[in-house]
Each structure stands twice: as C-alpha cells, then as structure tokens.
Amino acid sequence: MTALRFLLLEDNPLDAEVVQVTLIDGGIDCDLQRMETRADFVAALETNEFDLILADYTLPGFDGISALEIARNLCPDTPFIIVSASLGEELAIDTLKQGATDYVLKQRLERLVPAVSRALREAQEHLERKRAEAALRQSEAQYRMLFESIDEGFCICEMLFDQNNQPVDYRFLQVNPAFEKLTGLQQATGKTARELVPNLEPFWVEVYGKVVQTGKPIRFENQSIAMNGRWFDVNAFPIGDPKTHQLAILFTNTSARKQTEAALRNSAERLSMALAASKLGDWSWDAATDLVTFSDQAAKIFGIPPGPYMTWGQIQTLLHEDDQEQARLQVEQAIAQHSDYDIEYRVIQPGGSERWVAAKGRAQYGPSEHVIGMLGVVQDITERKQTEQEREHLLARVQSANQTLQRFIEHTPTAVVMLDQEMRYLFASRRWMQEYAPTYTDLRGLSHYEVMNDIPEHWRAVHQRCLAGATERCEEDYYARADGSGHWLHWEILPWYDSGGDVGGIILFTENITERKRANQERERLLERERAAREAAETANRVKDEFLAVLSHELRSPLNPILGWSRLLQTRKLDAAKTTEALKVIERNAKLQSELIEDLLDISRILSGKLSLNVGSVNLTATIQAAMETIRLAAEAKSLEIRTAFAPDVGQIWGDASRLQQVIWNLLSNAIKFTPQGGRIEIELQRLSAHAQIVVTDTGKGISSDFLPYVFDYFRQADSTTTRQFGGLGLGLAIVHHLVELHGGTVQANSPGEGQGATFTIKLPLMLSQSLANQDSDPIEQSLELSGIKVLVVDDDTDTREFVAFLLEQAGASVIAIASAGEVLTVLPQLKPDVLLSDIGMPEMDGYMLLQRVRTLSSELGGQTPAIALTAYAGEIDYQRALSAGFQRHLAKPIEPEELIRTIMSLRMTHTLSTKETG
C-alpha cells in the first residue's frame, strides 16, 4: 500500500521530529515533507499533490492563516490542520472559520493522530461525494439527451386526488418534444389533462390513478375519442416516493397500425377466429363429398388420424351421447340464421377417454343460399373444465368458511371487524363495538372512516395494500381517539375472498395493549429514577467524603502553629520580637479557624432555612469600599492591582449591609487567592434600569468549563485532591449565591477557561424611593469601659472561664467566675450581678436549663438579671433556642474582646432604660 504524502510547514526541526514520531507511533504510514518558508511551501503545492497539510501557526515572516489561504487556493480539497503551541481558543475558532480542518496544540499532541485520521476520512468522503455528484450530473445529462431525443412520447405526471382519495385529474410536470408531435397538445408542462382536453374520457384518469395507488405498472392500448380518435400504446409506471403521486408515461401513437389491423380482420375471418383461441385445431366439411378434413391438432383432439376420411355423420358419433342432440340443434340453428355457432361438448376418443372441446364454426353458402360446406375450429378445454370444477369446489368451501367466519366475528370476545371493498362494515364483534363504537347499536353498511373519523392516516395506506391482497400486522401502534384518549394497539389486517375468488374486503383484528405499554414505560421510568438516585447518592457520598477530608485538613492546619507557638511562649525563652511574632501567628490562625467555623454556621443556617437578615437601606459604594479595606493588606502582599469604577448616583438597595459586605469580601478574597503575583482585580458598580450591578473580574486561575456549572454548589471544589494549590472549604461561593438570592438578586460566574481569569456579576434590585437619611454612617464610638458593672461568669472550661474573667476585669468590671450552673443558683440571690454570662454545654445542668431556673426566681432574687449566652453552639437553631430559654444575647466562641465588652455595655444600657420605663 502506497504511503500517504503529508506536507509539514514547521521551522523547528525538533517539533517536526516529534510530529513525525507521533504519527508513526499512531500507525499512520506517511511520507512527511517539511517546509519552512512561504516560497518553498508554494512551490511544493504547485508541483506535488499531498494527502494532508500540517502547519505551525507562527513562522518567521509567515503564519498559519496565510498558509491556509494559499492552500485553499491551490489545493482546496486537501485537509489542513494547524499544529501550534500558542493557539488560543478565539484564534483556533478563527482558523476553523477560515477553512482549517482542525487544530491541535503541541502540548496535547495525543490529539494529532485522531485529528489526522478524521481529516483523512472526511477528505475521502468528500472526494467520493464529488465523484458521485459528477456521476449524477453525467447521468442527468444522459437522461436529458435521451429524454429529448427519443421518438416515442414521454411525460412525467402528478396525479390529483379528491378528499375521498379518488383520482380526478393529472398534471404534466415534464414532456419531451415527441409528446406534442404525437398528441397535438401544445405547451402542456404545468397544465392538467382536463385543461388541455376538457372532454377527456374518465378512463385515462382512472387507469393512471390505479398505477399510483397500487404502485404497479400498467401496459395497455386505448383510443381517445376526445383527441380526434387517436389510438395509443401506453406503458405507465410509478416513479419516486409514493407520497408524491407521480408516474411516468411512455406512449406511441398507434392509430395507423389500428387501421391496418382492422383491414386485416375484415379480410381474414378465419385468421381472426384462430387468434381468438389458443391451441386451435381447424377442420372443414365439403357437402358434396360429405367428408370432414381435420388438421393435425383437430385430429389429436378427436383421437383420430388427420385427413378427409370421415363423414359428417361419423363425426357426430364421436360426441358424448348426452351432448349430441344439443350440438346438432345449435349447428342447425346457426345454418338457418347464417350465423356462427359457439358450443362446448364432450368427445369420446376411440380408447374411451373423455375430452372437453370448445368449437366454433360457420356454414358456407352457394349462390342459391344452400350449404356447400362448413369451416370451424376446435380447442381442447379439458384442463380448463377441470380447473373450473376445482374452483367451484374451492369457492364452495370459501363460502362455507366465510359463513363460519361471520359467525365467529359476531360472537368472539376479540376486537375484530369485517369490511367490504368500500370499507363498509359487514360484521363487528361485541368487543369491537365496546372499544370503538360504544354509541352505535349496529354498524352494518356504515363506512369505517365515518365511524372511526380519528383513524391514523397510515392505516388508510395499509387498508389499500390489504385490498390488493396483502396481509399486514404491527406489534405496537399508537392510536389517538377523537375524545382525546391515546391507546397503543397490536393489530393484524388480512384480506378475505368472496365466492368469485376475488378480494371481497378485509378483516381487522386489534388488541389494546395500552396498559401493558404504560406498565413497561413506568418500569423504565422507575429504573431510570433508580439509576439517577443511585448516581446522585454516589456523587453525594463522594462530595461528602471529599468535603470532610478538606474540612479536617483546613481545621487542623491552623492548630499546628497555634499549639506550636503556644508551647514556645510557655518556655519564656523568646525575645520580645519573637513573642510579638508568635502572638500575631496565633491570632491570625485563630481568626482563620473562626472564619471557617462561621462559614460552616452560615451554611447550616442556609440549609435549615433560618438565615435571617438585618435589613435597611444600604449604600453599595460604602459597602464595597468597606470590604476592600479588609482585604487590602492581602492584595498588597501579592502586589495585586485593584481597579475600581463606581458610577455616581447608583442609588441604594434594601438589604443587610454586613451580609452584602460579606458577599463582596468573599468574591474579593477568592480573586486574591486565585490571582498570581502581580495580577489585576477590577471592581465595577453601575446602574442597569431598576438594578444595581456589581462586577468583580480577575486575571487569575480561571474556572474550567466542566466545573463552571457547579461553582455555586455546596461542598464542591474544582480541586479537592491532596495536591491542590489553594486551601478553603469551598463554601464561600455557595454562601454568596444564597445571600444574593435572599436580597432578590442574581449572581453569575463566567470564565473563558483555566488560566484566563474569572468574572462574577451580581445584580440587586434598587429601592423604589431613596431615603435621605444616611443609613451607613458610622455609629458614635463608645468608650469600652465596664467600670461599676458586676458580671457573673459561669463556664465549666477553666481556660475559657479564666480568660473571660481576666478580659472583663481589664475593662473595669467586677467579676465573679464559677464552674457550674448549680453554683449560680446559690450565689445569684446574694450577689445580684448586673449581667450573667453563661456557657451552654455544661455537665449536669446546661445553660438552657440554668436560665429557665433563673427566670422562675423573683426580681428581688435576680430572676430578671440580663443574660448572655457565650457558647461554641453557634448555629441558627442554637441562637433561637438561647432566646427561647431567656437569654437576651447569643455570642459564638471564639469572641473578639471588643465585641464581648460592647455587648455587655449595650445589654446593660438596654436593661437600665427598660427598668426606668417600667419603674
């Protein structure tokens, strides 16, 4: 087998060698010719033929697009594949639009062999298609030449039917020059037969309609009185798709021949009688000699030797005695009336065998009208007579079978009906009446198409084929009734035969299999749902396992520096600088753990539907700027450029400012995390009709097209492997998506692909009317002093208890710290603290039980003491349960010192004001 010839346009010899090795390893036997310059490339294409062209995109003073244009001009049918290391998606698409067959990146040369194989296969198919088209054009030219040159008339017609599917006319689509000459009809193309010949005989329409309806050709000869009595020898046959109702007609004007034949018939009566029968024997009787002369065939029929040796009387004795008198009378009658006789009788041959004979004859008369002789022909019809007897016997059996069938149809529990040739009902079973004609009491004489006015169209064609003698069946067919109900049927149609042996109509059996069909469909649906549920469960388990592994890693990672630096601090061997650095590391990792826990709590609130918003009017510009401040240091650490474009007078939205700041912070944090050193982040705020639009764009890692649909899913990460480059739980974007939807907005993620950055677009509905009050103004800073405030702290964890007590004492509070809830009930009436700060999870009596007991005490005994729950149970359900138990505030561990002090001050102030109002 000859090796394929490939042309490679590549200036790098090493890359060319890699391409050649890849092709050889892929099993492609090719002769690879490498070119580097434009001139060599053009010269090679002008002097040689190649099976495939491979071209790099970037060449010295030359590029792949230019090479592609040259190849399309010089060898447009040769496949052309771009093989490049620097081809971006847009540029690759552009090369395909310019006519390239495919493109392959050098970094993914494993695609080269499939791409080459596909290109060669498509090129071969294209070549074969062009050859076929050329052959078709040649065939059409030959057909047109034959069509124009034949002497016989030829035309292609389209049959026209009425609404009852009866042929009414036909239209000439094409006619050859001989058509006009033989018919005398001018400019027939596009016109109907009745337009050209208004008084056209119905025969022509009927016979051509039969050709189209039966799909069988018909050859016949007929005379058209409407066309000046012309005779035509016609061969009509269907063509094309039966639905087009087209037929071709090849005809010859035989008028001259018909005239000649008529003359011959008039002058050769004996020949015409011989032509009227087959296997004829002729005889003659001479009255003068009374001898009968037999031909060889006639003598064979009578069982005697040929020749003139028997008299007329002797011949009569050869007839069966039961037929002799009838034959004699018919001959005498024919002689008297000067007419022909045509009789059938039995002949007894000398050996005793009996034969049936059909005989025709005529007397010859002399000048005085007396008989001078007779001429006649005889034919042996014994086999025909036997066939007729057998046919009569068979038809008797058919008639009996039809009667039995009628009784069966009337009484069978099956849905079966018997129809005649006109599709009128003859008999219908009870089941048929129940299924298809429940409103009728008797269907006899009614049309099947009237009763079943919603019958499927394809059944009509089936009926026609069965009326032609075919038997058809269908295992599954759909039937929509007029009442709108749909049914699946199993049916069988077969012809029945009348007493004449012709097709008398059809018998139709049906079985309603709708329930079985529905059961099968339901089983398939259940199987599909089970497969989908199993796949969903497997996916959920995999995602869960991946998430738990990442969660374990992310929660444990900060513990290592926290515990490590804590132990080093306890040795007291660190200098002041290292001590400061250690404390910063501990604080940073503790905050990281706190953020992870907050994300988990937010997801818990979202999944339980209990995430609530503290709504008010929000200035988006201020909210975005506040979020930017929290990530500014992280951006500066990676030398990232942050560009902003805030449109003026965007307006305010109704929402939770802190949650919206969380949304922006999450998007900016992601952008910083996934954008490499020296990259760029752009933040745009603008107004679009009744919405505010925030767009965050980065030049970072980007998002693959496979992961893009799942970017906002809970617990989903593009990379959850142990070798991943970026940390995190993959919850931030899920939280963003939910928070934006809670504000009535939408968020979308877009990315051209990995390594090409990402864009997140948020749309939020604007307030219909803007408040003049500045809802985002900074609150008046309060002094963080707790002087004069008495706080009772209860927590079973010694470290937490001592830390909180120390923190509050440093703020000026008077603190009593105890380890169990039971002690609170003992010291509370005597101590009468201003604030109770309690843990929730404690042995024997938890914080909920403690507050319920406290609230049963009187005011004098401390029953109305303001209480704060400081606990690691930080979910939304824990928040609601704490308030139900009697706590005024709920704070999640770990807590910022300033937040704890402000909460105590706020609660103390609220309680004091409430006491004054009620006092």
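**View 1. An open sheet of five strands.** In this predicted model, let's start with a sheet whose strands follow the order β25-β27-β28-β30-β29, with mixed pairing. At its edges sit β25 (641-646) and β29 (746-750), each of which pairs on one side only. From one strand to the next, the twist averages 10°.

**View 2. Strands β28 and β30 side by side.** Zooming in on the sheet, you will find β28 (residues 691-698) and β30 (residues 758-765) running antiparallel, joined by eight bridges. One pair to look for is Ile694 with its bridge partner in β30, Ile762.

**View 3. Helix α22 across the sheet.** Here, helix α22 (residues 657-674) lies across three strands, β27 (680-688), β28 and β30. Relative to β30, the helix runs at about 170°.

**View 4. Thr761 and its surroundings.** Thr761 belongs to strand β30. This residue counts as buried because its relative accessible area is 17%, and the cut-off for buried is under 20%. Setting aside neighbours within four places in sequence, Thr761 is in contact with Gln693, Ile694 and Val695, and also with Thr746, Val747 and Gln748.

**View 5. The second largest pocket.** Now for a pocket with a volume of about 1500 Å³, the second largest. Its lining is made up of 36 residues, and Asn165, Gln213, Arg460, Ala461 and Gln464 lie nearest the centre. Elements that each supply at least two lining residues include α8 (202-214), β11 (230-239) and α17 (457-467); α17 gives the most, with seven. If you are thinking about chemistry, the lining has twelve nonpolar, 14 polar and ten charged residues.

Conventions:
Residues are numbered from 1 along each chain as its sequence is written. This is a predicted model: local features need pLDDT of at least 70, side-chain atom pairs count only at pLDDT 80 or more; totals for chains, interfaces and linings use all residues. Side-chain values use heavy atoms; hydrogens and water are left out. Two strands pair if DSSP finds at least two bridges between them. Helices (H or I, at least four residues) and strands (E, at least two) are DSSP runs, numbered from the N terminus. Axes are lines fitted to C-alpha atoms, for helices over the stretch in contact, and angles run from 0 to 180 degrees between N-to-C directions. Contact means heavy atoms within 4.5 Å. Buried means under 20% relative accessible area, exposed over 50%, partly exposed in between (1.4 Å probe, protein chains only). On a 1 Å grid over the protein atoms alone, a cavity is a set of points where a 1.4 Å probe fits but cannot get out, and a pocket is an open set with protein on both sides within 12 Å along at least five of seven lines; lining residues have an atom within 4 Å of a point. Grid points are joined across faces, edges and corners, and a volume is the space filled by probe spheres set on the points. Ala, Val, Leu, Ile, Met, Phe, Trp, Tyr, Cys and Pro count as nonpolar, Asp, Glu, Lys and Arg as charged, and the others, Gly among them, as polar.
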